[in-house]
Amino acid sequence: MASLSPALYEIYATLPAQIAVRIGNAIVEEEFEPGQKLREVDLAAAFGVSRASVREALRMVEREGLVTILPQRGAQVTSLTAQEVQDVFEIRANLMGLAHHRLAAAASTEVRKHLSGLLKDLQSARDDGEAYARASLAISSYCVHNAGSARLANLILSFGRQTARYTRLSLSTPERRRQSLANWRKLVTATINCDAAAAERVARQLVLDTRDAAFKMLNTNR
């Protein structure tokens, strides 16, 4: 099932679901830091809703792995260990490989054409870290949502949100963006040529390159 547009989402989603999206986005955008406590009363005041709605929203965000709810202590932004980050990236790499294998094996003319356009957007954004990260998310999300499995898409997007801050960090340098863009060119070419095996291989490499770059930068900054 295709995802709802933002406008339709606002109409049909429940209030807690809308709040969950906003909390999740704030965590991804690093408005809330890993380990930071999220007080229901503060969030309720910020969003102008009841604490009950915030409580339900936090449970939704917890299912994505972005928040940890502790008995008697409330919710806090999940702080992943190095090993947990490694695990999440490796799982995501395999899931992305599967999605791109499926996409390349059955990509329609419309999908291939749209991918070419998204690749141009990515290339145009290569000199701006934040713009490139957004364009990378856009082309990745499009591929995932057109791979033919809503369940697979939901799994990938959940893991993607857990690693979003690391992905943004890894794309902050011009050298890394050039590497990423080169891989995306290979991936789009493989998809256009219906080369499922090559698409799977490059998709995995994209995720693992992100992991390696993020860890390298984190270790350098310590």
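Helices and strands here are DSSP runs, numbered from the N terminus. With that in hand, let's work through a few exercises on this predicted model.

**Exercise 1: the sheet**

Work out which order the three strands of the open sheet have, and which strands sit at the edges.

*Solution.* Start with the pairings. Strand E1 (residues 37–38) pairs with strand E3 (residues 74–77) in the antiparallel sense, over two bridges. To see this pairing, find Lys 37, which stands opposite Gln 76 in E3.

Next, take strand E2 (residues 67–70). Four bridges join E2 to E3, and these two run antiparallel as well. Here you can look for Leu 70, with Gly 74 of E3 opposite.

Now put the pieces together: the order is E1-E3-E2. E1 and E2 each pair on one side only, and that makes them the edge strands.

**Exercise 2: a residue in the turn**

Find where Gln 72 is placed, and decide whether Gln 72 is buried or exposed.

*Solution.* First, the place: Gln 72 is in the loop between E2 and E3. Those two strands form a hairpin with three residues between them.

Second, the backbone: Gln 72 isn't a glycine, yet its phi is positive, at about 65 degrees.

Third, the surface. The relative accessible area of Gln 72 is 84%. The cut-off for exposed is over 50%, so Gln 72 is exposed.

Try the same steps on Cys 194. This residue lies in the loop between H10 and H11. Cys 194 also has a positive phi, near 60 degrees, and is a residue other than glycine. Its relative accessibility is 40%, so Cys 194 counts as partly exposed.

**Exercise 3: two helices that meet**

Describe how helix H3 and helix H4 cross, and say what kinds of residues make the contact.

*Solution.* Two packed helices are described by the angle between their axes and the distance between the axes. So, grab those two values: the axes of H3 (residues 40–47) and H4 (residues 51–63) come within 9 Å and cross at roughly 110 degrees. Angles of 65 to 115 degrees count as roughly perpendicular, so H3 is roughly perpendicular to H4.

Then list who touches whom. H3 brings Glu 40, Val 41, Leu 43 and Ala 44, while H4 brings Arg 51, Val 54, Arg 55 and Leu 58. Sorted by type, the residues of this contact are five nonpolar, no polar and three charged.

Now zoom in on Arg 55, found in H4. Arg 55 has 33% relative accessibility, so it counts as partly exposed. Its C-alpha atom is separated by 9.6 Å from that of Ala 20, and the two residues are 35 apart along the chain.

Finally, link back to Exercise 1: H4 lies across E1, E2 and E3, running at about 120 degrees to E2.

**Exercise 4: the nonpolar cores**

Identify which helix gives the most to the largest nonpolar core.

*Solution.* Begin with the core itself. The largest one has 28 residues, and those with the most contacts inside it are Leu 115, Leu 122, Tyr 132, Ile 139, Trp 184 and Leu 187.

Next, check the suppliers: H5 (82–106), H6 (109–124), H7 (129–145), H10 (174–192) and H11 (196–220) each supply at least two residues. H7 gives the most, with seven residues.

For a close-up, pick Leu 115. Leaving out residues up to four places away in sequence, Leu 115 touches Leu 103, Ile 139, Tyr 142, Cys 143, Val 188 and Thr 191.

One last step: there's a second, separate core of 21 residues, and among its members are Val 54, Ala 57, Ala 75 and Val 77.

Key:
Residues are numbered from 1 along each chain as its sequence is written. This is a predicted model: local features need pLDDT of at least 70, side-chain atom pairs count only at pLDDT 80 or more; totals for chains, interfaces and linings use all residues. Side-chain values use heavy atoms; hydrogens and water are left out. Axes are lines fitted to C-alpha atoms, for helices over the stretch in contact, and angles run from 0 to 180 degrees between N-to-C directions. Angles under 35 degrees count as roughly parallel, over 145 as roughly antiparallel, 65 to 115 as roughly perpendicular and the rest as oblique. Contact means heavy atoms within 4.5 Å. Ala, Val, Leu, Ile, Met, Phe, Trp, Tyr, Cys and Pro count as nonpolar, Asp, Glu, Lys and Arg as charged, and the others, Gly among them, as polar. Two strands pair if DSSP finds at least two bridges between them. A nonpolar core is a set of buried Ala, Val, Leu, Ile, Met, Phe, Trp, Tyr and Cys residues joined through side-chain atoms within 4.5 Å. Buried means under 20% relative accessible area, exposed over 50%, partly exposed in between (1.4 Å probe, protein chains only).
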